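Colleague: I have this one open and would like a close look at one turn in it. Could you walk me through that spot and then work outward to the rest of the fold?

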Amino acid sequence: MTGPRKAGGGVEFDGKAFVAGLSTAPGVYRMYAADDTVLYVGKAADLRKRVASYFNATPKVTRTMAMIAQIARMETTVTRSEAEALLLENELIKSLRPRYNVSLRDDKSYPYVLVTRDDWPRIAVHRGPRNVPGRYFGPYPGVTAVRETLNLMQKLFKLRNCEDSVFRNRSRPCLQHQIGRCTAPCVGMISAQDYGDAVRRASLFLDGRSDELTQEVTRDMEAAAEKLDFEDAARLRDLLGNMRSMQARQYVDGKVAELDVLACAMQGSQACVLLLAFRDGRNLGTRAFHPRTNGSDDPAEVLAAFVSQHYAEQAPPREIVLDRAIEDVPLLEQAFSESGGRRVTIKTSVRGDRARYVDLARRNAEISLATEMSSQAAQNARAESLREMLGLAAVAQRIECFDISHTMGEATVASCVVFDAAGPVRGQYRRYNIAGIEPGDDYAAMHQALTRRFRKAADARAAEVAAVEAGTDVPAAAEGAGILPDVLLIDGGTGQVAQARTVLDTLGITGICLVGVAKGEARKPGDETLLLPDGRALKPGAASPGLQLVQQVRDEAHRFAITGHRGRRQKARTTSRLEDIPGIGPRRRASLLKHFGGLGGLKAAGAEQIAQVEGVNAALAQRIYATLHGLDPGPGAGHD
């Protein structure tokens, strides 16, 4: 439930009157429905002209007519340029999730190659927030491409890839050095200057500046030969040969290429955009995207939306090749060139190798779409089977599942996962750290987690009702919080189901189909029994599509709970083991963990190395070492 209509009441929106007051400047417009949900976000070079096109007599497609009929009000934002309007449009689509916009849906973060900013930089794969100091190269379509690149970097430039805690505690070269993939800076087998040169050359290679790198290595090789330093000249000759042999197989059209090839395949309103990436002439592989089309069946519209939104988040290559023409190509080229600090071109008509790559991308897009649709059809079949099994009036649009994880009562964590008609909704997963119960009491843990989850929903619904009765806006904190599942799965037997029933009854929440998922005697998949609140017990068997859906949701809840429990347990053990040592406070604990890169590095260090940390004397270092290794700290352990 949402707040009352803010504009128009029951009066039809007058689009022509709204247009009359608009500016002719570039900007972004937003369409709102009567319930204040956002229908559509668009950009315009001329706001008045673009918005007027929705309300003139020109024939429009059914989807557009349906959208216009729902408009209750509109808002506009003037920008300084079309490129700025494009960026704002992408931000609003991402944050507002309009009902009729095509939007990019991808919950996977891109992998990067990271070269850290250390005295002896390491090279590694990185995924997630870019909060580690260093240079990031990418993004890459998938982790396989990153690993291949790392393998290449180690062969060519022999940079270290070990963790800092391992690097600081080596006393002799590791296997990577013995097989010729690392220069062993950990034990001083290469000078800082030579290692810095290797890092710089690797960065040039990753930047796609292979020609510049080749010229530099050639000059250095010739200079070494002139100085009769034949050993160094031979090393540079081998590096140059390896670089050229690897690049020779990767050139596109006989030259180093940096481009993305994009193709869109559609069946009805289901779409797949396939990205084939080349960097420095190397084929980095493909990645498939399945955007939310929100009713659009036009591949060009879907591809245009993808290009705009994708490269607003990711650095564009110098060249983007598309399998079909799209709108606003000059504007997109201008915006991408400005954001990337170099010229970016978008091509839709190509020949030679690029045309073959477009065909390859198109075929892969069709295959990926067929696979996705067949997977979605199977998901729909499982959902329908579950509906019949549980006697629901309609297919469940939202399923939640709760699970409890702990080790002998330690660090108890409850998980809640959410599935909708398309599968898992990971952005709505929740974990609950359980406290204040007897260790190992699964019933109390389940009761606490469910109470915390559904009390918020009950309070939000009460706030929505009060706002409607008072004729005021719904509090922002309550919007969306009152959403309830159609089916609530509880991983457990009759005791856990009884706890769930008690919580729902206490909070006055109705309309939820509550199901307990009890494992069979041998805990064999397919032997589960589904327990219903009315006392019925269903045993559908392993062949039941409905039970397969229940297993999928339950297993995801179990995985999510275990992951959270392990993290909480490790954190508790790390903190408590250090806190239990007399003389270790928050500041010293932070210094120790930072110096050694975590508890693993600290445990691997000797007492002498621990004593080198600022604020740690020899006696305290000995106590730390003894405690972490289960030894007797000796007399006077309680004093510095």
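What do S12 and S13 form, how many residues lie between them, and which residue in the turn has a positive phi?

Modeller: Sure, with the usual reminder that this is a predicted model. S12 and S13 make a hairpin, and two residues sit between the strands. The one to look at is Met 408, which is in the turn and has a positive phi of about 55 degrees.

Let's follow the two arms of that hairpin. S12 covers residues 398–407, while S13 covers residues 410–420. Their pairing is antiparallel and runs over nine bridges. If you want a landmark on the ladder, find Ile 399: its bridge partner in S13 is Phe 419.

S12 has another neighbour too. It pairs with S16, residues 487–491, this time in the parallel sense and over four bridges. A handy marker there is Phe 402, which stands opposite Ile 490 in S16. So S12 takes part in an antiparallel pairing with S13 and a parallel one with S16; strands of a sheet can pair either way, through backbone hydrogen bonds. As for surroundings, eight of the ten residues of S12 are buried, so the strand is largely enclosed by the rest of the structure.

Now zoom out for a moment. The protein chain has 640 residues, and 45% of them are buried. Its secondary structure comes to 20 helices and 19 strands. Take the contacts between residues at least 6 apart in sequence: 61% of them join residues at least 24 apart.

Next stop is the sheet that S1 belongs to. It is an open sheet of three strands in the order S2-S1-S3, paired antiparallel. S2 (38–44) and S3 are at the edges with a single partner strand each, so each has one side without a neighbour in the sheet. From one strand to the next, the twist averages 15 degrees. S1, residues 27–32, is joined to S2 by six antiparallel bridges, and Met 31 has Tyr 40 as its bridge partner in S2.

On S3, residues 73–78, have a look at Arg 73. Its relative accessible area is 15%, and that is why it counts as buried. The side chain of Arg 73 makes a polar contact of 3.1 Å with that of Asp 36. It makes another, at 2.5 Å, with the side chain of Glu 75.

H4 is the element to follow from here. This helix lies across S1, S2 and S3, and runs at about 165 degrees to S2. H4 (residues 82–96) also meets H11 (residues 299–313): the two axes come within 10 Å and cross at roughly 90 degrees. At that crossing angle, H4 is roughly perpendicular to H11. On the H4 side the contact uses Leu 86, Glu 89, Asn 90, Glu 91, Ile 93 and Lys 94, and on the H11 side Ser 308, Gln 309, Ala 312 and Glu 313. Sorted by class, the residues of this contact are three nonpolar, three polar and four charged.

H12, residues 329–340, is another partner of H4, with axes that come within 9 Å and cross at roughly 85 degrees. H4 is therefore roughly perpendicular to H12 as well. Here H4 contributes Glu 82, Ala 83 and Leu 86, and H12 contributes Leu 331, Leu 332, Gln 334, Ala 335 and Glu 338. The classes in this contact are five nonpolar, one polar and two charged. Notice Leu 86, which turns up in the contact with H11 and in the one with H12.

H11 then takes us to one more sheet. The helix lies across S7 (259–267), S8, S9 and S10 (319–322), at about 140 degrees to S7. Those strands belong to an open sheet of five, in the order S9-S8-S7-S10-S11, with mixed pairing. At its edges are S9 (282–289) and S11 (345–347), each paired on one side only. The twist from one strand to the next averages 20 degrees. S8 (residues 270–279) and S9 run antiparallel and are joined by seven bridges, and you can check the register at Leu 275, which stands opposite Arg 287 in S9.

Note on methods
Residues numbered from 1 in each chain as written. Predicted model: local features only at pLDDT ≥ 70, side-chain atom pairs only at ≥ 80, totals over all residues. Heavy atoms only, no water. Axes fitted to C-alpha atoms, helices over the stretch in contact; angles between N-to-C directions. Parallel < 35°, antiparallel > 145°, perpendicular 65-115°, else oblique. Contact = heavy atoms within 4.5 Å. Nonpolar A, V, L, I, M, F, W, Y, C, P; charged D, E, K, R; others polar. Pairing = 2+ DSSP bridges. Buried < 20%, exposed > 50% of the residue type's maximum accessible area, 1.4 Å probe, protein only. Polar contact = N/O pair within 3.5 Å; in protein donor to acceptor, adjacent residues only side chain to side chain.
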